[in-house]
Amino acid sequence: MQYQSKLPNVSISIFSVMSALANKHKAINLSQGFPNFKSDQKLIDLVSKAMNSGFNQYAPMPGSLELRDAIANKYDLLYNTSYHPETEITVTAGATQAIYTIISAFIRPNDEVIIFRPAYDCYEPAIELNGGKVISVQLEAPFYKVDWNEVREKINNNTKMVIINTPQNPSGSVFSEGDMLRLQELTKKTDIIVLSDEVYEHIIFDGEKHQSVCLFSDLKSRSFITASFGKTFHNTGWKTGYCCSPKELMAEFRKVHQFNVFSVHHPTQKALADYLNEPNHYLDLSSFYQEKRDLFLSLIQDSRFKFTASKGTYFQVLDYSNITQEYDVDFAKRLTIEKGLAAIPLSVFNDFGLDNKVLRFCFAKTDDTLKQAAEILNSI
Ligand SMILES: Cc1ncc(COP(=O)(O)O)c(C=O)c1O
């Protein structure tokens, strides 16, 4: 049988590769971005309760209204802004589905989409599957700051979308208010849609405020926000998230959503609606993860790795250029096989595989796991 791959350059994701290698060599796995501790028993009990109470058939296509109400309340409370639960919020099967659906709903062949690298890996294939062209803006280690003049130069009549991600996976950097104002200025009076991937909105450190697109009125009017309950409530396997946007954009989103997912796991939605009513369940997250970041960094401060503390997400990047000049993918594999510690090499998220000798470590792990990982890092 003859067929032509629509994604000839895509292979198994680095997350699957490194996790499989970690399993094979019984290595500590700080590669993939998931916690190795349980989510709150209260939330697990709420899902069982919802199942036992009959929430087992299709949820409404845009999501359970109770959950959409709870999401709307969160935006009101945190950002003093409103998204209408009926027309401006849709519950999705994780942020990945929301991102794919947004891109499918708006990107046509030869449309250009600007992304910032290192970039989370699901943006590029979704753009390419829809015939779009990825236009990369490479951010440089160690601060990963955006050169907005470069962005301005890359915007033209074919630019249909800009994808941002703050706090950013994998670099752990965040956009400042100034960054958001520049983005707003550059997209004002254009038809460019902004896809703002905010899955780590509740994991931001050192007292910084998350700069959501919804805080900037002109940006809000052209933006989708994507969010992930898996990231927020320590259960990435539940694959539940949502997106918000102005209603005209959301109407287009739902045209696609209803034919690829239709609706999302109903009992989980019921449980999340109840759980979200207690804001501390997400407000406490930054301090919870800041303690983990600080523990991890204090344990490796005398190691030969160089670092700037992560400003958000549950990832810390470490520069190993004092140790070896090996290609980062080779070093990550050797670290897993010979030393028993798995991480993600940053070059896979970069334009042209740019290798800055940096690995990404996930610190959403128990303190014991972080201590064991630190021992290995200190021994190198
Ligand atoms: C930046 C970013 N966006 C989206 C996702 C996907 O989230 P979900 O698991 O809810 O699909 C992830 C998961 O790692 C991520 O890091």
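# Reading contacts, the ligand site and backbone turns

Author: Leaving aside the residues within four places in sequence, Met161 is in contact with Ile102, Ile103, Phe106, Ile107, Glu112, Val113, Ile114, Ile192, Ile193 and Leu195. The model we are reading is a predicted one.

Reader: Which residues touch the most other members of the largest nonpolar core?

Author: A core of this kind is a set of buried residues of certain types, joined through side-chain atoms within 4.5 Å. In this model the largest nonpolar core holds 112 residues, and those touching the most other members are Phe116, Met161 and Phe361. For Met161, the contacts beyond its sequence neighbours include Ile102, Val113 and Leu195.

Reader: Turning to the cysteines, how many disulfides are there?

Author: The general idea is a distance test, in which two cysteine sulfur atoms must lie within 2.5 Å. By that rule the count is zero disulfides. Cys214 takes part in none, and the nearest cysteine sulfur to it, which belongs to Cys244, is 7.8 Å away.

Reader: Why is the sulfur of Cys244 not bonded to that of Cys243?

Author: The sulfur of Cys243 is the closest cysteine sulfur to that of Cys244, but because the two are 6.9 Å apart, they are too far from each other for a bond.

Reader: And is Cys244 buried or exposed?

Author: The cut-off to keep in mind is that a residue counts as buried under 20% relative accessible area. Cys244 has a relative accessible area of 0%, so it is buried, and Cys214, at 5% relative accessibility, likewise counts as buried.

Reader: How should I read the ligand site, and which residues surround the ligand?

Author: One begins with the surrounding residues and then looks at individual atom pairs. Gly94, Ala95, Thr96, Tyr120, Asn165, Asn169, Asp197, Val199, Tyr200, Ser228, Lys231 and Lys239 surround the ligand. Among the atom pairs, a polar atom in the side chain of Thr96 is 2.5 Å from an oxygen atom of the ligand, and a polar side-chain atom of Tyr200 is 2.7 Å from a ligand oxygen. An N or O atom in the side chain of Ser228 is also placed 2.7 Å from an oxygen atom of the ligand. The ligand taken alone exposes 390 Å², of which the protein buries 94%.

Reader: I would like to follow one polar side chain within the protein; where does Gln184 lie?

Author: Gln184 belongs to helix 7, which covers residues 177–187, and at 13% relative accessibility this residue counts as buried. A polar atom of its side chain lies 3.1 Å from the backbone nitrogen of Asp218. Not counting residues up to four places away in sequence, Gln184 touches Phe216, Ser217, Asp218 and Leu219.

Reader: Which residue does a cis peptide bond join to Pro167?

Author: The angle to inspect is omega. Thr166 and Pro167 are joined by a cis peptide bond with omega of about -15°, and Pro167 is found in the loop between strand 5 (159–165) and helix 7. The peptide bond from Arg117 to Pro118 is cis as well, with omega near 5°, and Pro118 sits in the loop between strand 3 (112–117) and helix 5 (123–129).

Reader: What about phi, and where does Lys189 lie?

Author: Here one looks for a positive phi in a residue that is not a glycine. Lys189 is such a case, with a positive phi of about 60°, and its place is the loop between helix 7 and strand 6 (193–197). Thr313, which is not a glycine either, has a positive phi of about 75°, and it lies in the loop between helix 13 (285–299) and strand 9 (315–319). As for accessibility, Lys189 counts as exposed at 80%, whereas Thr313 is buried at 0%.

Reader: Finally, how should separation along the chain be set beside separation in space, and what is the C-alpha separation of Asn80 and His202?

Author: The two quantities are best quoted together. Asn80 and His202 are 122 residues apart along the chain, and their C-alpha atoms are separated by 16 Å. Asn80 lies in the loop between helix 3 (65–79) and strand 2 (89–92) and is exposed, with a relative accessible area of 68%. Ala27 and Pro246 are 219 residues apart in sequence, with a C-alpha to C-alpha distance of 45 Å. Ala27 lies in the loop between helix 1 (14–24) and strand 1 (28–29) and counts as buried at 13% relative accessibility. Its contacts, leaving aside neighbours within four places in sequence, are Ala22, Thr336, Gly340, Leu341 and Ala342.

Technical notes: Residues are numbered from 1 along each chain as its sequence is written. This is a predicted model: local features need pLDDT of at least 70, side-chain atom pairs count only at pLDDT 80 or more; totals for chains, interfaces and linings use all residues. Side-chain values use heavy atoms; hydrogens and water are left out. Buried means under 20% relative accessible area, exposed over 50%, partly exposed in between (1.4 Å probe, protein chains only). Contact means heavy atoms within 4.5 Å. A residue is near a molecule or strand if one of its heavy atoms lies within 4 Å of it. A polar contact is a pair of N or O atoms within 3.5 Å; within protein, one must be able to donate a hydrogen and the other to accept it, and residues adjacent in sequence count only if both atoms are side-chain atoms. Accessible areas come from the Shrake-Rupley method with a 1.4 Å probe; for residues, only the protein chains shown count as cover. Helices (H or I, at least four residues) and strands (E, at least two) are DSSP runs, numbered from the N terminus.
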